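Hi,

Here is the structure you asked about. My notes follow below it.

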Amino acid sequence: MKKSRKWLAMGLAFSMIAGLTGCGGSSTASKSVSTGSKGDMEVKTFRVLMYTDWYKAGWQALEQHINENSKELGFKLEISKIQGGSQGDQVLQTKFATDDLPDIIQVYKPQWVESYANGLDKLVDLTGLECVSEYDEKALDGTFKYNGKLYAVPIDSVVLSGVFYNKKVFEKAGVKIPQTWDELLAVCEKVKAQGVTPVYYSGKDAWSVQPPTISGLLNDAKEKGTDTFGLMEQINTNKLKYADCTNFVGSIEKTKNLIDLGYVNETYLSDTVDNAHQALANGECAMYINGTWCADNINKKFPDKIDDIGAFAIPTTSGDNYINMFTPYSLALTTNCKDPELGKKVLNYIASKEAQQIYADAQPGVYLNKNVTSDIPKATEDLKKIMDNGKSMTDWEEINKYAYGNLSEPLLNYYTGMLKDAKEVAQALDQETERNAKAQGDSNWK
Amino acid sequence: MHSTTLKRYSYTLAIPGLLLYILFFIIPAVGGLALSFVKILGFNLSSARFGGLQNYVDVFTQPNMRRAIGNSFIFALVTTIFKMGIGLSLAIALNRKMALTNALRTVFFLPAVINTVAVGLIFSSLLHPSNGLVNGFLRAVGLGGLAQSWLVDTNLAIFSVCAIEIWKWSGFTMVILLSGMQTIGRDYYEAAEIDGADGVTRFKYITFPLLLPAFNNALILSIIGGLKVFDLIQATTQGGPGSATEVFGTLIYKSFGAGRLGEGCAASIILAVVIAGIALPAYKYIANREVEM
Amino acid sequence: MRRRKRYEAILNTALCFCALIILIPVFMVIINSFKNQTEAARMNLKLPTTWHIFENYKEMIREGGIFRGFLNSTIITVICVLLLIILCSTMAFVLERRKTFFSKLIHMTVVFGLVLPLQIIPTYFVCNFLHLTHEIAAVFVLIVANMSFTVFLYTGFIKSIPIEIDESAWIDGASHTQLFFRIIFPLLQPVTVTAVIINFMAVWNDFGISIYFLNSARNYTLPLTVYNFFGNHNSDWQLVFANVVLSTLPVAIVYLILQRHIISGMTSGAVKG
């Protein structure tokens, strides 16, 4: 009797282990591309992984379209989503490290995979996809096409960032779009006299304090006769420090001046991006500096107000103003895909005009595919014109190797008085860069 | 005798649990310990090489380290004092038969059940300096001078976060203490009544000494929870504005977030050692004072 | 006597005032889940001008995949809590009673889990190495994450059960499993109830662990469903609050049902023999 009990307990322990490995077996089985045999054509299912925040109306429509027409297309999608943000980045990094990857993965961009996940060798080279002809060579170069290989195709739209303004407020205050920083200050003064908050900051969502400071960095790139790619190349290899980018430090100081001059909403540390959109739409503030997300959100929530909103480039001292461009996300094929040839076809389809148009119809925006048309808000149109005139640069943070997402913290410390001057903000960024570079064993920081 | 005892309490019963614990806690913990001595590229294990104590040095040279340590201790100290104080008061007040008792006990426990993210959301809104309810109330009753930028004033924010933690967990402490009180025999109080002891004396000489084991448990959980805090800070201030409410937990999170795997592991081991160094002596000290019934 | 009555009255008023402080934020969640989008965005305590109870909750349930999440959460929570109770009570019993150096060492190691933050990345590597499916990995890691506390709770309580009980059962010829499951486990009922409530709360509300393991609409638990929902409906606060209400309700109900039993078993030192 006693013995049997003992065996029972042992058995429990063993069955648990057996359970573990057994389940493991089934999990690897389910990982492989599963085949359904409906109709004449084989329909293969591709597992796609992305961040929850990236699965919006566009993907929803596209997923639905593909899965409804899977018989003609020959493939289906099964989309998994994980949380975004830095925790999500960690999950993705871990997945790269453990080779626990789906067939198709949506990432920021190939450079991110290289510097943060060390997993460029786990992406399939897509060179030769037909859909590439529908894109500007220049638009793909440097990001999607990287080190001579095409690692990914673009998905989702370009985000442009600049100053969004309420036309009615400007009209009432009798002001025009400012070209230089001094003109901007004059506009602020006049708007303030009308009892309207000139500029809205949304410090509760820490990341949103960054966009106003970027104009300086773009000017620094220009002064050095290059663009943000060139500038970040120097910073990524320890040839240049943020603290030595004088325009950048200058623009940090300017954003603080706006607060000191009383041009910013008093409770800016407690207010969110959402509050900002609402205030701008309702004319409670005149200007808000952020990406075209702003126009999209106002379009969604206050559709009757969207035509009151316009946009312009952040004015700089010299008046040579550039706007910041966030490239679309990347959709890549992983080496885990059992049928890379069909996988390439899937990506080719998704990046082609047909699929991109479906995506764009559900989620209007600026798309890289030249054949796609989209009904975008006027403010976005304003910024697109600036981009089409060649006055845009790729966002510095996307191509920054070692200080991603680290500007807002010292910036807020500066605004709240914990850091004394603007240069310290840039220095904090340099310190963070150094820490991360050293942690990665980068030989430029020996 | 000894061998019978061992047979009577054979490990077979404990093996399934221990197995899980070893597989999913001990091995990863040892892995974490190993990683804390290693320099590693990204999350790529094949690139790991021995780095000595460098990761530990890196933890201590983080720019916000001093503030984070200070805040963690403030948080642990303030919340522990108030959670224990309020929890004890509530437990004493509700340790009697009364129509309202059951309802009130449930109400006070309710915040512990609510999701932390939701708590963060609610309080960010309640404590908003201009539209928030708290300042609105203060202004309405003529105490406008007391209105504050609760969660964004760099000196005040950490205390506001403490207040939220106290709001959320005092009821939990109350429940632990209440259950401790249920075990104190009626006869002690009857004897005291005969001796003519008043309420304060009864508490001092009967309730509190006999409550010590429960009190000790609640205290230790509170200290550990306070030093380990992360969720609540993340949900209310994300360590901000800037780095005003940075604590040890958010620093660890940021190390991992920036891909500094080794440093993150080193930091969490330091944290564990610090907590153990504080919690263990505290627990032993009080446990030695417990009276046997 | 009169003095006592007045004292009672003051005490009750004070308690009700405290209860109010607790209830205002809770009320805010509930009332805002009944409003329309613009009113909910203001997040105040005013009653809604138009009530949107039905629409909000219907939209939440329809779009948020909340049923699936509810089902997954229930399955995972029930499995985790059951296993935690069985594994931890037996473990605590053996470790507490053996009193050898080795068992004390193991006990210390298990309780050390209270202070060491879970090493999630190495844990992920282990699960991956064992080829666990995501769901099973999540269950195991959730169990282990709550194990230290549960063992801590049980040992304190078991200490207070007189060893004489074991001895008499042993003499009557009970095996060690019989001794535990027939004699000891029923005595542990109060602390078991406590452990059920606390672990139920922890597993049901977990986000930090499950986020690493569960990643498709098929296996999302409630908190993950909520997060996923926010991705598409950011700042639809009325829905956010409706979701908070719906996901908190089950835990609140479990607490309400079990609270009468918790009171006598929450603390380890509850029954000093």
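Residues 264-283 of chain B are 100% helix and 0% strand, and the C-alpha atoms at the two ends of the span lie 28 Å apart. Helices here are DSSP runs of H or I with at least four residues, strands are runs of E with at least two, and both are numbered from the N terminus. This is a predicted model: local features need pLDDT of at least 70, side-chain atom pairs count only at pLDDT 80 or more, and totals for chains, interfaces and linings use all residues. Residues are numbered from 1 along each chain as its sequence is written, while chains are lettered from A and ligands numbered from 1 in the order in which they are written.

Back to chain B. Residues 156-178 are 96% helix and 0% strand, with end C-alpha atoms 32 Å apart. Both spans appear in the UniProt record (unreviewed entry) under "transmembrane region", along with residues 12-38, 73-94 and 106-127 of chain B. UniProt positions are in the numbering used here, feature names are shortened, and annotations may be inferred rather than shown by experiment.

Next, the contact between chains B and C. Chain C gives 68 residues and chain B gives 62. Two residues are in contact if their C-beta atoms, placed from the backbone, lie within 7 Å. On the chain C side, the helices that each supply at least two residues include α4 (66-98), α7 (134-159) and α13 (237-262). The largest share, 10 residues, comes from α1(C). By class, that side has 46 nonpolar, 18 polar and four charged residues. Nonpolar means Ala, Val, Leu, Ile, Met, Phe, Trp, Tyr, Cys and Pro; charged means Asp, Glu, Lys and Arg; the others, Gly among them, are polar.

Now chain A. It has 18 helices and 14 strands. Its radius of gyration is 25 Å, close to the 22 Å that the globule rule gives for 446 residues, so chain A is as compact as a globular protein of that length. The radius is taken over C-alpha atoms, and the rule is 2.2 Å times the number of residues to the power 0.38. Of the 446 residues, 51% count as buried.

One residue to look at is Q194(A). It sits in the loop between α8 (181-193) and β9 (197-200) of chain A. Q194(A) is partly exposed because 14 other C-beta atoms lie within 10 Å; 20 or more would make a residue buried, 12 or fewer exposed, with partly exposed in between and C-beta atoms placed from the backbone. Beyond its neighbours within four places in sequence, Q194(A) contacts K172(A) and A173(A).

Best wishes
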